[in-house]
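Dear colleague,

I am passing on the structure below for you to look through at your own pace. My notes on what was found follow directly after it.

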Amino acid sequence: MKKILLLSDTHSYIDEQIMKYVRLADEIWHAGDIGDLIVTDTIKKEKPLRAVFGNIDNHEARKEFPLHNRFMCEGVDVWITHIGGYPDKYNIEVRDEIRKNPPKIFISGHSHILKVMPDKKLGLLHMNPGAIGKHGFHQVRTMLRFEIDGDKIQNLEVIEVGKSNSKQ
C-alpha cells in the first residue's frame, strides 16, 4: 500500500503546512506549475517525487521533469500531465491517447479548481488537486491525499490549508 499526496500549482511556494503532509505520505505527485525548483528540491529531501512541468515552468524544470508522466503505482496505471482537461473536456493534446489507452487515474492541474470525477465511459478516475500555491484566483489552497492498495484507490481526502493571498 502507498500513501499518496497529490499537489499542483505551487508557483514557487512551499511552507511547513505543505511539508507536514509531505512527511505523512509515501510518495508525492506534483501536477505541474512548480515554479522555483526549490519546491521540488525541498520535497525530494523528504520523500520520493513524481512530477511534470507546467506552462509557467522554466527550462530548468522542463529539463528535470517531463510533460507527461505515465507509470504504474502498485497495480494502478497513472498518467499525470499539467494541462489535461477532464472527462468529456479532455485537452486535444491528450484526448486520442486517453481514448485509445486509458489509465486508471488521470491527473491534471492548471485550472486551480479541485475536481475528482469518474469517467464512466473510459473507466478512469480524473483528479485535479486544485492549487496549493498562493498565486492565482483560487480562494482556498488545496491538495489531495489517498491510498493505492494493489489495484484499489481508497481513502481519498481533500486537504485545505488556508486561503490564498492573491487577488487576480
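Cys73 stands opposite Val76 in strand 5, where strands are DSSP runs of E with at least two residues and helices are runs of H or I with at least four, both numbered from the N terminus. Strand 4 and strand 5 (residues 76-81) run antiparallel and are joined by 6 bridges; two strands count as paired if DSSP finds at least two bridges between them. This is a predicted model, in which local features need pLDDT of at least 70 and side-chain atom pairs count only at pLDDT 80 or more, while totals for chains, interfaces and linings use all residues. Residues are numbered from 1 along each chain as its sequence is written, and side-chain values use heavy atoms, with hydrogens and water left out.

Both strands belong to an open sheet of 5 strands, ordered 4-5-8-10-9 with mixed pairing. Its edge strands, strand 4 (68-73) and strand 9 (114-119), each pair on one side only.

Turning to the interior, the largest nonpolar core (buried Ala, Val, Leu, Ile, Met, Phe, Trp, Tyr and Cys residues joined through side-chain atoms within 4.5 Å, buried being under 20% relative accessible area with a 1.4 Å probe, protein chains only) has 20 residues, among which Leu5, Leu7, Val22, Ile28, Ile43 and Met143 touch the most other members. Helix 1 gives the most to this core, with 4 residues. Leaving aside residues up to four places away in sequence, Val22 touches Leu5, Ile28, Ile43, Glu46 and Lys47, contact meaning heavy atoms within 4.5 Å. A second, separate core of 17 residues includes Trp29, Ala31, Val52 and Met127.

With best wishes

Note on methods
Buried < 20%, exposed > 50% of the residue type's maximum accessible area, 1.4 Å probe, protein only.
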